[in-house]
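This report describes how the parts of one molecular assembly are arranged with respect to each other. Please examine the sequence and the structure before reading on.

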2 protein chains.
Amino acid sequence: MNPKDLQATAGLLERIGRLLATDAHSSGLAPVQWEVLRYLDRANEFSRSSAALTAYLGSTKGTVSQTVKALEQRGLVTNLPSKQDRRRNRLSLTATGKKLLLDDPMMVWPRALNALPETEQQRFHETLEKLVRDRLQSQGRQAFGMCRDCKYFGREHENGQPHYCKLLEVPLSDAASEQICFEQVAAYGQE
Amino acid sequence: MNPKDLQATAGLLERIGRLLATDAHSSGLAPVQWEVLRYLDRANEFSRSSAALTAYLGSTKGTVSQTVKALEQRGLVTNLPSKQDRRRNRLSLTATGKKLLLDDPMMVWPRALNALPETEQQRFHETLEKLVRDRLQSQGRQAFGMCRDCKYFGREHENGQPHYCKLLEVPLSDAASEQICFEQVAAYGQE
DNA sequence: TGACTGCCGTTTCGAGTCGATACTAAAGGA
DNA sequence: TCCTTTAGTATCGACTCGAAACGGCAGTCA
C-alpha cells in the first residue's frame, strides 16, 4: 500500500480510539476509569498496585493516584497498604465495582467482532497484537501479557496447584494463569 | 473465536486507543487538538465548520467551541464568520498549523503498518473500515468518507474541473475529490 | 547502628477535555 | 413582523494529564 493509504489506515485507528473514548465517556465514568476497572479485574495479585497500573497505562504515578482516589470515592475500588512492603499499596475492585463492569461499554466491540468471519477475526487479532507489541517495545514499555504466555511460566505441579511461576516462585491456579501479570515476559521471541 | 478471545481482541483495541492518546499527549497538544488539525487538513471547504467538526468528533458544540478557541490562541487555526451565512464559521489551518502537522505523532503508525506484508495491510484496513462504519452507523452517526466514494460524486467534466458534486452542484478538482466531506454518503451499500 | 539511596505513593498546580445548560445572533418561513 | 430553528459562544463542575515537590520506607554500605 502507498503512503497515503497507510495514512488512511492510521486514520481509522484514530477514529476507533475516539469511538472508544466517547463510548466510555457517555456511560458515566471517564475512559481511564473504565480501563482501571478492567485492569484490576484481569490482573493477578502481584500486579494490582499503583506502580503496575502506572506502567500499564503509560501514565504518571501522580495521575494514577488521582484516578484511583476518584474511584475510591465512588466506592468502586479499595486502596490498602501492603503488609509485606508498606510503601506499596494493594488495589481491589469492590463488589459494586465488579457489578459495574458488567455494563462495560467496551463490550460492544466483541459483539461487532463476532459478526466477522472466523478467519478474519483471527487475522485481525494477530495484526493488532503485532502492532501493539511493536509499539510498546519501541517505547521501552512492558507488554503486560498473560501469565501463561510468560517465559517464567512452568507447568510443574506444586502445592496442589497445576502451574508454577519460576520468577516469583509461587504456585499458580488455572485461573491465575490467565490473568495479566506485571512481570510477564513473552515466551516467544520478539523478532 | 470464543467470547474470551474476542474480549482479548477488544482489549487490544483499547490499548491501541490508549497508545494513540498518550503519544498525542506527550507531544505538546491534547489528543483532540491533534484530531482537529488533521481533520481541517483533510476536509473539503464545505466541511470546515464547527458543526461538521462536532459531528466528526462525536462531541458537543460547546466542547468544540472551546477546543477551537484554544487552537486559535496558539495561532494554529483561524475562525472566521462565513459570508453567505453569518451564523456559520469557517475554520482554517494557519501556516504554523500546517507546519506543526508534519510532526504529527500519529505518523508512527503508517511506518509500523508498512512493516507488515502487503496482503496483511490490505486485510487489516478492510476489517478496521468495517468495524468503524458499523459502529458509527449503529450510533446514527455519519461516516465522513472521501468525496470520491460518495454517491453524489460525478465524473462529469465541468468548468475545466474533472469532477462534479451532484448534491452541492459544484465542480470538483482532483485534490478536492480526495478530501473528507461532511455530506458524504457511501456509494456502496451498507449491507 | 546509622546514613545514604532509590523507590513508591500522595499532593498540588496549571492547562485542557468533556457534557450540560443557558445564552446570543442570524436565517428563514408563515 | 413575529416566531422558530440553527450556529456558535460562555460558563460550570468533574475529570485527565504531566511536572514537581514531599514524605515514608526498604535495602545497602559503612
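A polar side-chain atom of R87(A) lies 3.1 Å from a base nitrogen of DNA strand C. The model in which this distance is found is a predicted one. The elements of the protein that contribute two or more residues to the surface near DNA strand C are α1 (3–25), α3 (50–57) and α4 of chain A, together with α2 and α4 of chain B. Among these elements, α4(A) provides the largest share, five residues.

## The surroundings of DNA strand C

Which residues come nearest to DNA strand C? Of the 26 residues around this strand, they are A51(A), K61(A), N89(A), V32(B) and Q33(B). On the side of the DNA, sugar and phosphate make up 64% of the atoms of strand C that come within 4 Å of the protein. By character, the residues of the surface near DNA strand C comprise three nonpolar, 14 polar and nine charged ones.

Individual contacts reach both the bases and the backbone of the strand. K61(A) places a polar side-chain atom 2.9 Å from a base oxygen of DNA strand C. In the side chain of S65(A), an N or O atom is 3.0 Å from a phosphate oxygen of DNA strand C.

## The surroundings of DNA strand D

DNA strand D is surrounded by 25 residues, of which R87(A), A51(B), K61(B), R87(B) and N89(B) are the closest. Of the atoms of DNA strand D that come within 4 Å of the protein, 69% belong to sugar and phosphate.

Three side chains of chain B can be named that approach phosphate oxygens of this strand: those of R18(B), N79(B) and N89(B). The contacts with both strands are set out in the table below.

| Residue | DNA strand | DNA atom | Distance |
|---|---|---|---|
| K61(A) | C | base oxygen | 2.9 Å |
| S65(A) | C | phosphate oxygen | 3.0 Å |
| R87(A) | C | base nitrogen | 3.1 Å |
| R18(B) | D | phosphate oxygen | 3.3 Å |
| N79(B) | D | phosphate oxygen | 3.2 Å |
| N89(B) | D | phosphate oxygen | 2.5 Å |

Two or more residues of the surface near DNA strand D come from each of the following elements: α2 (31–42) and α4 (61–73) of chain A, and α1 (3–25), α3 (50–57) and α4 (61–73) of chain B. The element that gives the most is α4(B), with four residues. The surface near DNA strand D consists of three nonpolar, 14 polar and eight charged residues.

## The interface between the two protein chains

How many residues of chain B are in contact with chain A? There are 56 residues of chain B in contact with 56 residues of chain A. The area buried between the two chains is about 5,700 Å², and carbon and sulfur atoms give 65% of this area. Three residues, M1(B), E14(B) and R15(B), supply 14% of the area that chain B buries against chain A, which is more than any other three residues.

Charged and polar pairs also cross this interface. The rule finds ten salt bridges between chain B and chain A, whereas a search of the whole structure finds 20 over all chains. One salt bridge joins E35(B) to R18(A), with their closest N and O atoms 2.8 Å apart. This pair joins two chains, because E35(B) lies in helix α2 of chain B and R18(A) lies in helix α1 of chain A. The side chains of E35(A) and R18(B) likewise meet in a salt bridge, at 2.8 Å from N to O. In addition, 24 residue pairs are in polar contact across the interface, with both residues at pLDDT 80 or more.

On the side of chain B that touches chain A, two or more residues come from each of α1, α2 (31–42), α3, α6 (108–114) and α7 (118–138) of chain B. Of these, α1(B) gives the most, with 18 residues. This side of chain B is made up of 27 nonpolar, twelve polar and 17 charged residues.

## The relation between the copies

Two copies of a chain are related by a rotation about an axis and a shift along it. Here, a turn of 180° and a shift of 0.0 Å along the axis lay chain B on chain A with an RMSD of 0.1 Å. That is the relation of a two-fold axis. Within chain B, the C-alpha nearest the axis belongs to G17(B), at 2.1 Å from it. The copies meet through the same surface, because 100% of the interface residues of chain B are also interface residues in chain A.

Definitions and conventions. Residues are numbered from 1 along each chain as its sequence is written. Chains are lettered from A and ligands numbered from 1 in the order in which they are written. This is a predicted model: local features need pLDDT of at least 70, side-chain atom pairs count only at pLDDT 80 or more; totals for chains, interfaces and linings use all residues. Side-chain values use heavy atoms; hydrogens and water are left out. A residue is near a molecule or strand if one of its heavy atoms lies within 4 Å of it. A polar contact is a pair of N or O atoms within 3.5 Å; within protein, one must be able to donate a hydrogen and the other to accept it, and residues adjacent in sequence count only if both atoms are side-chain atoms. Ala, Val, Leu, Ile, Met, Phe, Trp, Tyr, Cys and Pro count as nonpolar, Asp, Glu, Lys and Arg as charged, and the others, Gly among them, as polar. Contact means heavy atoms within 4.5 Å. Buried area is the accessible area (1.4 Å probe) that two parts lose on being put together, summed over both. A salt bridge is a side-chain nitrogen of Lys or Arg within 4 Å of a carboxyl oxygen of Asp or Glu. Copies are superposed by least squares on the C-alpha atoms of residues with pLDDT of at least 70 in both.
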